[in-house]
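Reader: I am new to this structure and should like to be guided through it by questions. May we begin once it is shown?

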Amino acid sequence: MAIKPAYVKKTGTILMERYPEAFGHDFEHNKELVTELTNIESKGVRNRIAGYITSKEGAEVPA
């Protein structure tokens, strides 16, 4: 089953609005928070949402 980009963006945006100080630049930390704050069981969906939040937070990409 395909993951709809609108679902990822909407869920990520809602989480960032509700918990603005909780998320940061670390994908692993954001992934754990998405697991704790939502009831998403799919690992793929959780990772997509955490990745979206990490990119919106302006994560530094190692060169």
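Author: The questions below concern a predicted model.

Reader: Which residue forms a salt bridge with lysine 31?

Author: The structure holds one salt bridge. Lysine 31 lies in helix α2 (residues 27-37), and its partner lies in that helix too, three residues apart, about one turn of the helix. The closest N and O atoms of the pair are 3.2 Å apart, and the partner of lysine 31 is glutamate 28.

Reader: Is lysine 31 buried or exposed?

Author: Buried means under 20% relative accessible area. The relative accessibility of lysine 31 is 19%, so this residue counts as buried.
Glutamate 28, by contrast, has a relative accessible area of 42% and is partly exposed. For lysine 31, then, the answer is buried.

Reader: Which helix gives the most to the largest nonpolar core?

Author: Twelve residues make up this core, among them Val8, Phe23, Leu33 and Tyr52. Helices α1 (5-18), α2 and α3 (43-56) each supply at least two of its residues. With five residues, the helix that gives the most is α3.

Reader: With which residues is threonine 11 in contact, leaving aside its neighbours within four places in sequence?

Author: Threonine 11 lies in helix α1. Its relative accessible area is 13%, and therefore threonine 11 is buried. Ile40 and Ile49 both belong to the largest nonpolar core. Leaving aside neighbours within four places in sequence, threonine 11 is in contact with Ile40 and Ile49.

Methods:
Residues are numbered from 1 along each chain as its sequence is written. This is a predicted model: local features need pLDDT of at least 70, side-chain atom pairs count only at pLDDT 80 or more; totals for chains, interfaces and linings use all residues. Side-chain values use heavy atoms; hydrogens and water are left out. A salt bridge is a side-chain nitrogen of Lys or Arg within 4 Å of a carboxyl oxygen of Asp or Glu. Helices (H or I, at least four residues) and strands (E, at least two) are DSSP runs, numbered from the N terminus. Buried means under 20% relative accessible area, exposed over 50%, partly exposed in between (1.4 Å probe, protein chains only). A nonpolar core is a set of buried Ala, Val, Leu, Ile, Met, Phe, Trp, Tyr and Cys residues joined through side-chain atoms within 4.5 Å. Contact means heavy atoms within 4.5 Å.
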